[in-house]
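Please open the structure in your viewer and keep the selection tool at hand. The tour below suggests what to select at each stop and says what is found there.

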Amino acid sequence: MRASLVPMLLMLLMAPCLALNLVEMKPLAAAMLAKRWATDQAELDQKVGIRDDGVTGVLRFGDDLKRRTEVAKALDMWQKTSLALAAAAKGGGGATVCYAGMREPGPNTLAMVKRSPDGWTLNFLLCNPN
């Protein structure tokens, strides 16, 4: 009974993934895409005003400030890691690659995976926060 459920469960889990078109990206291009997402998020996240200490400056606002702060950290970490991968690729490394999940109107997911002969290891998964 259990053995017959496994293929059905795998098909159920794979169905949404089949609609996602994975495209391999160079690490530098992935870093630039993450930077664009971070810039888009920062524009939504900030406005200029008078802070509590009386100084005019950038105010951060909104109910989900904590989430946006964590997303900004993740985007920054992705950029640094991708740039390090690009430098390593110039030195002959290349087991770790980046993929973009493409859907309309453009890429909405970035994945960083390490390829090996016996399979792939997912190191980083990032979704467009916007």
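**A patch on the surface**

Select Leu28, Met32 and Leu83, which together make a nonpolar surface patch of about 280 Å²; such patches are made of residues with over 30% relative accessible area and no salt bridge, with nonpolar side chains (Val, Leu, Ile, Met, Phe, Trp, Tyr) joined within 5 Å and like charges within 9 Å. A salt bridge here is a side-chain nitrogen of Lys or Arg within 4 Å of a carboxyl oxygen of Asp or Glu, and accessible areas come from the Shrake-Rupley method with a 1.4 Å probe, only the protein chains shown counting as cover for residues.

This is a predicted model, in which local features need pLDDT of at least 70 and side-chain atom pairs count only at pLDDT 80 or more, while totals for chains, interfaces and linings use all residues. Residues are numbered from 1 along each chain as its sequence is written, and side-chain values use heavy atoms, leaving out hydrogens and water.

Now select Leu83 alone, which is found in helix H3 (residues 65-90); helices (H or I, at least four residues) and strands (E, at least two) are DSSP runs numbered from the N terminus. Leu83 counts as partly exposed because its relative accessibility is 41%, where buried means under 20%, exposed over 50%, and partly exposed in between (1.4 Å probe, protein chains only).

**A buried residue in a strand**

Move next to Thr109 in strand S5 (residues 106-116), which counts as buried because its relative accessibility is 14%.
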